[in-house]
Structure formats: C-alpha cells, structure tokens
Amino acid sequence: MSAHTSNQALIDYTLHLADSSLIMAQRSSEWCGHGPVLEQDIAITNISLDLLGQARHFYQYAAGLINQSADHTLKPATEDSLAYLRDERAFKNLLLTELPKGDWAQTILKHFFFSVYQSLLYTRLQTVPDKDLAAIAAKSLKEVAYHVKWSSEWVIRLGDGTAESHQRMLTAIEELWPYTGEMFRAADYETGMVDPSTLHAGWLKEVQDVFAEATLPMSSESVYMHVGGKTGLHTENLGYMLAELQYLQRAYPGAEW
Amino acid sequence: MSVHELEKLFQDKIDQEIKIEPRDWMPEAYRKTNLRQISQHAHSEIVGMLPEGNWIGRAPSLKRKAILLAKVQDEGGHGLYLYSAAETLGFSRDQMIEDLHSGKAKYSSIFNYPSLTWADMGAIGWLVDGAAILNQVMLCRTSYGPYARAMVRICKEESFHQRQGFEILLVLSRGTEAQKAMCQDAINRWWWPSLMMFGPKDSESTNSDQSMKWKIKRKSNDELRQQFVDMIAEQVKVLGMTLPDPDLVWNESRKHYDFGEINWEEFWNVVKGNGPCNKQRLEARRKAHDNGAWVREAASAYAAKKAARRKTVAA
C-alpha cells in the first residue's frame, strides 16, 4: 500500500467514525425538549452532547490529516467543512444511525446496539498504533460506558415493563435488527485498523444477555442485513438530515458563525 | 398561638431576613403566591426549551450546536430544580404539569414568540436571558428558602447563557451584510417582548404590594425594566446595532434612559393565549407528555416488579 492510499484510508476511516457519531448526535438531539420525562430529556441530550464531542474530535483529526496531504480535494479542511460541506454520498456513517428517531423504544434500542458496538470498537481502537485515534477512543470510552449502561437499563425496563412497552420493543427489534450487520462488515478503508468482524461475537453476547433480562427474543441471524452507509450508499433519510444540518453553511457560503 | 400571632412571627422573620422554610408556618396566600410563581417559573424553563430547541438541528457550526444543546439542557435542569422547590409547598410535579397542559398555569409569554433565524439564538440569550437574570438575581434573596437556593444555582448558568447569546450576535454583527441584517432583525423582533417580560406597570400590577412586603420580590416591575433598558442600551452600542425605539434617549436628570410606550394590547393578547405560538408551544408540551405516557408506565411497572422480586428473595 502506498503512503498516499494508506493516508486516504486513514482519512476515510476517521471520517466514518466521525460521521456515525455526528449523525447519531443529530438524530438523538431531536428529543431535546420533547422527551418522555424531564430527567430522560436531560439524559439523552447529555448523550447527544457526548456523541457530538466525539464527532468533533474525529473531524478535527481528519481535517489535520487532509491539510497535511499534498493535494486533497477536501483541502482546506476544518471540522465544520467536513461536517457541513460534504454531500450525502460522501458521508460514511452506519445506516443504523440515520434511521428516524421513531418512538422511545426505537431510540433506546438504537442507542443500545450502537453503544455496545462503540464500546467494543473503542476498547480495541485505544490500542492501535495511531496515537491520535487511540487517544480519542480512550477518552470516549468513559462516555460510551455510560451510554451502554443507560440504554441497557432502558431496554430491560421497556422489555420487562408493560405489555405495550414489550410490544414496542419487539417492533423496534424488527425495524433495527436488519441494520446491525453493517457494523461488523469491513469497508476497504478499515483494513489495517480494527477488523469489525472480530467484534461481532462479543456484541452478540452482550445483546443476548441484556435481551434475556429484558425478556426479549433474539432475532434470527439469517435476517437480511442492509449495508452501504460505510461507503456512502445511504437510506433516503440522510439527505433530509443533511439538508437540515447543513442549511446555514450552504445558504451563506464562507460566512463565519 | 392565634393566627394573628403566627402572622406576626412570620412577618418578623421576614423583616429580619430569616428565610422561610417548608416546615415553617406560613400564611396560605404566601404559600399560594410562591407556588404559583415557582411553578410558573419552572414551566417557563421547560416551554423555553422549545424556541431554542427549534435551531439545534440547524446550528451553523459544530461548536454552536454543542453550546446550544448544552444550553437547552441547562434549562431542563433549571426546570427540575424549580419543580423540586415548588414541590416543597405540597403540590406534585404531575399536578403542576397537568395545570400547565390545561392552561390553568401560565409560563413566560416571551416563549410564545417564534424563533425564525439563527440570530434569534443570540437575541434570546442576550435579551431574554438578560431580562430573566435581572429578575433572578433579585430572587436569589427571595424570602422562601428553597426558591432562593434554586435561584443561586440557576443564576450562575444564566449569566453564562447571556454572554453566549451576546457573543452569537457579536459575530453576526461583524459578519457579512446578510448576517448584520439578520442580527438587527432579531433585535427588532425580540426587544419589545423582552421589555414585556417584566410584567405590567407597577400601577397595574395586582400582586406587587403584598409580594414586596413578604419579600418574595424586592424590586418592582418598573424598576427592573428600567435597569434592563439602561443595561441593554449601552450593550447594543458594542454590537453597532440599534434598538427599535425612537423614544429611547439618555435622560441626564434621571440618570436613566427614557424609552417608548410598550404595546400593552399586544402584551395582554399574548398573555390571554393569542400570541404567535401559544397554541404550538402547549401542543408540543402535551404531545411530548402524552407520547411519553407508555414509557413512564413501563418504568413504574418495571420498578414495581423489581421491588416485588427483591421482596421475594429477601423473604
């Protein structure tokens, strides 16, 4: 692998991590002011803030890498140019993160699937040779540990709560499960970083344990899995999210805010 | 002890600047006034999350998004402290929320105005939080202990919010022509409603005299409003913007700014429910509450199951 392509792979990988956290934050921040109970409104906003913070660290790192490369099309890059001025097809977030917020069950389940995956991924990422990525992962892990705890507790509460909450969790599982496979299927730029397929067994085990306590059934492993987000092939949801997210930067090019 | 003696003891305490605490005897009207005011204040924090929440998704930079999210979250936290303070007066949060949703309880009218551009995030921080702070600084010394203590915590965060709001406008005021216009437009729209936040004129304020005697409030509506005008009239110069009031002028003999007449017809209309967003704000709150009903039920059902299991294990 030449220096150029490996650098591009590192940039793409970092953008992938940044995009997933940003889109997750953008989606969950829709709850701010609209949560089911005040304490949880505050809790999920806290999580949105954590994810936004992670995204910023990754974007800042990616911007530095881009600015150091000889001739990159995204140059000059900043955290904002990367978040606000790339088009839908350039975004590399997981499809799971862009799905509609849905009801509280879907939001909870999405956070549970994602944070368990993130905790396994960041645990490994903190040991990669790239010191910057390792440092961001190490710093984020503390937050992610809380996200896992918070979402697991809610999965259990809703799964083992009322008949209605149980039913809503079943619907959420049906909706979201087909988007979990993508987390563990490597894109080209992941070569040489953490191989996501090696995280799958640990993820399944953790999901299984929490589902058992929540009296929720595991989905079949033979369910068809949607992929594409990592390489810029998204659901129709993302375009609308970016239209909202990027509106001011697009409407007033070059302005400082 | 007779009621008369109790009342005298109560007033003595207030006169000596001793805080009234939840277990102390207090006149029913004092309890009611505090409950009305604290719950109204709590509701204002919660409804106040909506106009700013409206721009979280569209914040123009990641940094601005983070600041705005944290700010709106702080408001939720303020709502929590205030609901807790109000609960010490013997009324549950659920009951207060029910009164908000039925229209029985009020919240600050300012949140019935729409947030139309990004500059509104600056204007709300600078003007709306600025006006709120003057009231809240006074309330840090209010006679009811739990309310005063909640206010001390809240004031620290609010002054931070006001600076952030001003800073949003400062950046816009130094930006492109479109940004400058956006900045001036937001100031124009938020100025008068901010002045209305201090309530009716002293001559027409029904609750004022007794509240002053009980030291629930320590400055009159008009005093606070004047303090606000004096402060903002100076700060707006730093922005190079103007306030939309041709009568605004420094009065050397009074050592205060004179300012124009508030549109009281608009004020009363918004109070009565005819503001641009009254209906939408309440609907948004009701919807969040109603959509959350099954979540709250599930949480209590699970807590009950868990408690029952623990009991079985213990037995």
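Two rings of Phe, Tyr or Trp, the last taken by its six-membered ring, count as a pair if their centres lie within 6.5 Å. With that in hand, the model on the screen, which is a predicted one, can be read for its aromatic contacts. A search of the whole structure gives 27 aromatic pairs over all chains.

I'll take one from chain A to start. Trp31(A) and Trp104(A) have ring centres 5.0 Å apart and planes at 90 degrees, so this pair is edge-to-face. Where do the two residues sit? Trp31(A) is in the loop between α1 (3–28) and α2 (38–68) of chain A, and Trp104(A) is in helix α5 (residues 104–125) of chain A, so the pair ties together parts 73 residues apart in sequence. Trp31(A) is buried at 8% relative accessibility, and Trp104(A) is buried at 2%.

Next, Phe112(A) and Phe211(A). Their ring centres are 6.2 Å apart and the planes are at 25 degrees; under 30 degrees counts as stacked, so this pair is stacked. The contact again links distant parts of the chain: Phe112(A) belongs to helix α5 of chain A and Phe211(A) to helix α8 (residues 200–213) of chain A, 99 residues apart. Phe112(A) has a relative accessible area of 0% and is buried; Phe211(A) is buried as well, at 0%.

Which residues do ring pairs join to these two in a cluster? They are Phe113(A), Phe114(A), Tyr117(A), Trp177(A), Phe184(A) and Trp203(A).

Last, charges over rings. In chain A, Arg86(A) lies over the face of Phe91(A), 4.5 Å from the ring centre. In chain B, Arg58(B) lies over the face of Trp55(B), at 3.6 Å from the ring centre.

Technical notes
Residues are numbered from 1 along each chain as its sequence is written. Chains are lettered from A and ligands numbered from 1 in the order in which they are written. This is a predicted model: local features need pLDDT of at least 70, side-chain atom pairs count only at pLDDT 80 or more; totals for chains, interfaces and linings use all residues. Side-chain values use heavy atoms; hydrogens and water are left out. Rings of Phe, Tyr and Trp (its six-membered ring) pair if their centres lie within 6.5 Å; planes under 30 degrees apart count as stacked, over 60 as edge-to-face and the rest as tilted. Helices (H or I, at least four residues) and strands (E, at least two) are DSSP runs, numbered from the N terminus. Buried means under 20% relative accessible area, exposed over 50%, partly exposed in between (1.4 Å probe, protein chains only). A charge sits over a ring if NZ of Lys or CZ of Arg is within 6 Å of the ring centre and within 35 degrees of the ring normal.
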